[in-house]
Amino acid sequence: MTATITYPSHLLSASFHLRTTTTKNALRLQSPSTQGPERSPHYLKAGSSHLGVKLSGVFQKTRLNISCAINMAAGQSGDPEKINFDHLMNKARKIWDRSPQPVKSFPWKRALENFIQLILDLFVMVVKYLCVPLLAVSSLSEMSYCAHQKKLLLVPIPLLIGIIVAGVVKETALELSPLLKDAEVPWHLIVTAIVFTLIKLPGPYYPYWGRIFIPHFANGVLWRTLLFAFS
């Protein structure tokens with residue numbers, strides 16, 4: 001004997017409604033109208049080509065603007081300097097043309113040479129008076145080193161030799177170039193002072209007997225050269 005199960009009517013209607021709704025949703029998802037119109041390959045190709053044309057036009061316009069700006073900047077940076085220089089030259093030429101005849105006939109070149117000679121004379125004079133205290137201080141320092149080494153009695157020997165060598169160097173320079181006798185700047189004395197100053201400066205780095213003799217030999221030459229410069 002078989003038992004028959006009966007369901008309520010509202011449960012059956014709900015089940016039927018659920019199945020119908022699920023079927024409709026599935027059909028709607030599969031419908032091509034709900035997914036929107038499909039883009040054809042020709043439409044996509046036309047759009048991409050149109051976009052490429054726009055981008056290339058923008059790039060070309062930007063490049064043209066940059067090149068124009070660079071050219072304008074280069075022209076503006078170079079032209080004013082040239083214009084200013086030409087303007088100054090024209091002004092100077094006009095002023096010179098309008099100047100009176102005594103101004104034009106004035107020996108400007110000789111005046112410039114005399115001015116340069118005056119500057120050199122002042123420089124040599126200042127250097128001479130500065131060298132005296134410097135040479136005196138350095139000579140005392142080297143004599144104190146010799147006294148510390150108990151070699152102070154040997155100092156006059158290289159000093160006298162240097163004095164004699166300075167006289168020989170001067171006479172030799174005057175024999176080689178007699179124009180030095182009348183020269184306003186004693187170039188031979190300047191060269192002698194520079195050479196023996198370079199010999200004197202590395203005195204502390206010489207060997208033992210070199211530290212005793214070489215600086216005082218150079219001092220003798222320098223003192224005699226300074227005497228020639230003041231005489």
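## A salt bridge, a core and a surface patch in a helical chain

In this predicted model, the side chains of Lys-200 and Glu-142 meet in a salt bridge, with a distance of 2.7 Å from N to O. The pair links distant parts of the chain, since Lys-200 belongs to helix α6 (residues 187–200) and Glu-142 to helix α4, with their positions 58 residues apart. The structure holds 1 salt bridge. Both partners fall under the 20% limit for burial: Lys-200 counts as buried because its relative accessibility is 9%, and Glu-142 is likewise buried, with a relative accessible area of 16%.

Ser-139 is also found in helix α4, and at 9% relative accessibility it counts as buried. When residues up to four places away in sequence are not counted, Ser-139 touches Lys-200, His-216, Asn-219 and Trp-223, so that one partner of the salt bridge, Lys-200, is among the residues that Ser-139 touches.

The overall setting of these residues is a chain with 7 helices and 0 strands, whose elements run α-α-α-α-α-α-α from the N terminus on. Of the 231 residues of the chain, 15% count as buried. The chain exposes about 18,700 Å², and carbon and sulfur atoms supply 70% of that area. Among the contacts with a separation of 6 or more, 72% are accounted for by residues 24 or more positions apart.

In soluble globular proteins, nonpolar side chains tend to be buried together. Here the largest nonpolar core has 6 residues, namely Leu-135, Ala-166, Phe-196, Val-221, Leu-222 and Leu-226. Helix α7 (residues 208–230) gives the most to this core, with 3 residues. For Leu-226, leaving aside its neighbours within four places in sequence, the contacts are with Lys-128, Cys-131, Val-132 and Leu-135; of these contact partners, Leu-135 is itself a member of the core.

On the surface, Leu-112, Phe-115, Ile-116, Leu-118, Ile-119, Leu-120, Leu-122 and Trp-187 form a nonpolar patch, with about 780 Å² of accessible area together. The largest share of the patch, 7 residues, comes from helix α4 (residues 108–148). One of the patch residues, Ile-116, lies in helix α4 and counts as partly exposed because its relative accessibility, 45%, falls between the limits of 20% and 50%.

A search of the whole structure finds 0 disulfides. The two cysteines considered here differ in their cover: Cys-131, one of the contacts of Leu-226, is partly exposed at 30%, whereas Cys-146 is buried at 0%.

Lys-150 is placed in the loop between α4 and α5 (156–176). The phi angle of Lys-150 is near 60 degrees, a positive value in a residue other than glycine, and Lys-150 counts as exposed because its relative accessibility is 74%.

The table sets out relative accessible areas for residues discussed above.

| Residue | Relative accessible area | Class |
|---|---|---|
| Cys-146 | 0% | buried |
| Ser-139 | 9% | buried |
| Lys-200 | 9% | buried |
| Glu-142 | 16% | buried |
| Cys-131 | 30% | partly exposed |
| Ile-116 | 45% | partly exposed |
| Lys-150 | 74% | exposed |

Definitions and conventions: Residues numbered from 1 in each chain as written. Predicted model: local features only at pLDDT ≥ 70, side-chain atom pairs only at ≥ 80, totals over all residues. Heavy atoms only, no water. Patch = residues over 30% accessible without salt bridge, like charges linked within 9 Å, V, L, I, M, F, W, Y side chains within 5 Å. Areas by Shrake-Rupley, 256 points an atom, 1.4 Å probe, with all protein chains shown as cover. Salt bridge = Lys/Arg side-chain N within 4 Å of Asp/Glu carboxyl O. Helix = DSSP H or I, 4+ residues; strand = E, 2+ residues; numbered from the N terminus. Buried < 20%, exposed > 50% of the residue type's maximum accessible area, 1.4 Å probe, protein only. Disulfide = S-S within 2.5 Å. Core = buried A, V, L, I, M, F, W, Y, C linked by side-chain atoms within 4.5 Å. Contact = heavy atoms within 4.5 Å.
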